[in-house]
Amino acid sequence: MSDFRPPTDALYIETKELTKSFTVKGERLEVLKGISLSVSKGDIFGIIGLSGAGKSTFARCINRLEKPDAGQVIIDGVDVTALSERQLRLHRQRIGMIFQTFNLFDAKTVYDNIAYPLVIRGVKKAERDKRVREIAEFVGLQDKLNAYPGGLSGGQKQRVGIARALANKPDILLSDEATSALDPQTTFSILELLRDINKTLGLTILLITHELDVIKYATNNMAVLEDGVISEKGRTRDIFANPNSATGKIFLKVYSELQDGYLEGGTGI
Ligand SMILES: Nc1ncnc2c1ncn2[C@@H]1O[C@H](COP(=O)(O)OP(=O)(O)O)[C@@H](O)[C@H]1O
Ligand SMILES: [Mg+2]
C-alpha cells in the first residue's frame, strides 16, 4: 500500500450526528441514526455495510440529494445542510458520483455522456471538447468516444461513468458500489483507476461497498455501517486485523472461509 497518496490532516468531509428517516405507508423508518464521521483531505475512505444498512442514503446526504433530518454535513468547512438551492448546485459540482448501474444515457455517445455535466454547467463548446478528450484519455476511452454504452463492456461503461463524474473537476468522488456489477478482474482495474485518480488528481474518495476485497485493496481508512449506525471506524488494516463489530466479524468470517476454500482446492464460489 506504499504508493497511496498520504491523507492530510485537514478534515474534509465531516458528518455530525446525522440522522435520516423515511416514512413509508405511514410508518417511519429510521435509516441513519446519528452518523459522525471524519474523512481527511486526499484520503480514500471506505464505508462497508450489508445491504440495507443505509450506505446509499448516507452518500445522498453528503451530496445533498437527500436532506438529512438532523445533524450536520460539513465539507471543507462549509455546513452543506444550510445551503440555499443555488449554493447547493455549486456544492454538487464539487462532488462527482459513480454508481453500480453506471447510470449512463444509452441514447448518447460516450462523448456526449462525458460532456453532459459540462453542457449543464454552460461550458463553451471548445473548452468542453478539450475537457472531454483530456478526461477520456485519462480513463483510457479515447478510442471509444463515438461508441454508445450498449456496445461497451461493464468496465468500459464504468470508465465512462468515472469520466463523467470527473468532468467538472470535483474535489470529492463518491463511489456507491461502483464495482459491484463487475467481475473481479475488471473490479481490480477500476480500483486501480480510482487509486490513480486519488494520487494524480488529488481527489478525496469515499468508497461505499459491501465487498470486503474492495475495501481491503483500495482504502486507507474505513467505517463499518451497521443498521444505520457506525459500529467501528479506523485504519483499514487495523480493522481487518481485529474487527470488533458484528458486521465486521461476519464479513471477515465469510472472507476467510472463501479464501480457505480456494487454498484447499475446495468449491470456492
Ligand atoms: N427514498 C426512500 N424512501 C423510502 N425508503 C428508503 C428510501 N431510500 C432508502 N430507503 C430505505 O432505507 C434503507 C437503507 O437503504 P440504502 O441507504 O439504500 O441502503 P444500502 O445502500 O446500504 O443498501 C432501506 O431499508 C431502504 O429501503
Ligand atoms: Mg446502496
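The following exercises, with worked solutions, concern a predicted model of a protein with a bound ligand.

**Exercise 1. Domain organisation**

Determine into which domains the protein is divided, and describe the contact between them.

Solution. Begin with the domain bounds. Domain 1 comprises 1-94 + 172-186 + 198-240, and domain 2 comprises 106-169. Next, take the centres over C-alpha atoms: those of domain 1 and domain 2 are separated by 25 Å. Then consider the contact, to which domain 1 contributes six residues and domain 2 likewise six residues. Finally, classify the side of domain 1 that touches domain 2: four of its residues are nonpolar, two are polar and none is charged.

**Exercise 2. The shell around ligand 1**

Identify which elements supply at least two residues each to the shell around ligand 1, and state which gives the most.

Solution. First list the residues around the ligand: Phe22, Val24, Leu29, Val31, Gly49, Ser51, Gly52, Ala53, Gly54, Lys55, Ser56 and Thr57. Then assign them to elements. Strand 1 (11-24), strand 2 (27-40) and helix 1 (55-62) each provide at least two residues. Of the elements, helix 1 gives the most, with three residues. As a last step, sort the shell by character: five residues are nonpolar, six are polar and one is charged.

**Exercise 3. The antiparallel sheet**

Establish the strand order of the four-stranded sheet and explain why one side of each edge strand is left without a neighbour.

Solution. The sheet is open, with order 2-1-4-5 and antiparallel pairing. Strand 2 and strand 5 (78-79) are at its edges; each has a single partner strand, and therefore one side of each lacks a neighbour in the sheet. Within this sheet, strand 1 and strand 4 (residues 70-75) are antiparallel and joined by five bridges. In this pair, Ile13 stands opposite Ile75 of strand 4.

**Exercise 4. The mixed sheet and helix 1**

Give the order of the six-stranded sheet, and find which strands helix 1 touches.

Solution. This open sheet has the order 6-7-8-3-9-10, and its pairing is mixed. Its edges are formed by strand 6 (95-99) and strand 10 (229-235), each of which pairs on one side only. From one strand to the next, the twist averages 15°. Helix 1 packs on the sheet and touches strand 3 (44-48), strand 6, strand 7, strand 8 and strand 9 (221-226). The direction of helix 1 makes about 160° with that of strand 7.

Two pairings of strand 7 can then be followed. Strand 6 and strand 7 run parallel, joined by five bridges, and Phe99 stands opposite Asp176 in strand 7. Strand 7 (residues 172-176) also pairs with strand 8 (residues 204-209) in the parallel sense, over five bridges. There, Ser175 stands opposite Leu207 in strand 8.

**Exercise 5. The environment of Asp176**

Decide whether Asp176 counts as buried or exposed, and why.

Solution. Start with the element: Asp176 is found in strand 7, where five of five residues are buried. Next, separate the two faces of the strand. Ile172, Leu174 and Asp176 point one way, whereas Leu173 and Ser175 point the other way. Now apply the criterion, for which 20 or more other C-beta atoms within 10 Å are needed. Asp176 has 20 C-beta neighbours inside 10 Å, and therefore counts as buried.

The contacts complete the picture. Leaving aside residues up to four places away in sequence, Asp176 touches Ser56, Ala59, Met97, Phe99, Gln100 and Ile208. Ser56 is also one of the residues around ligand 1.

Terms used. Residues numbered from 1 in each chain as written. Chains lettered and ligands numbered in written order. Predicted model: local features only at pLDDT ≥ 70, side-chain atom pairs only at ≥ 80, totals over all residues. Domains from an automatic or database assignment. Contact = placed C-beta atoms within 7 Å. Nonpolar A, V, L, I, M, F, W, Y, C, P; charged D, E, K, R; others polar. Near = placed C-beta within 6 Å. Pairing = 2+ DSSP bridges. Axes fitted to C-alpha atoms, helices over the stretch in contact; angles between N-to-C directions. Buried ≥ 20, exposed ≤ 12 C-beta atoms within 10 Å, placed from the backbone.
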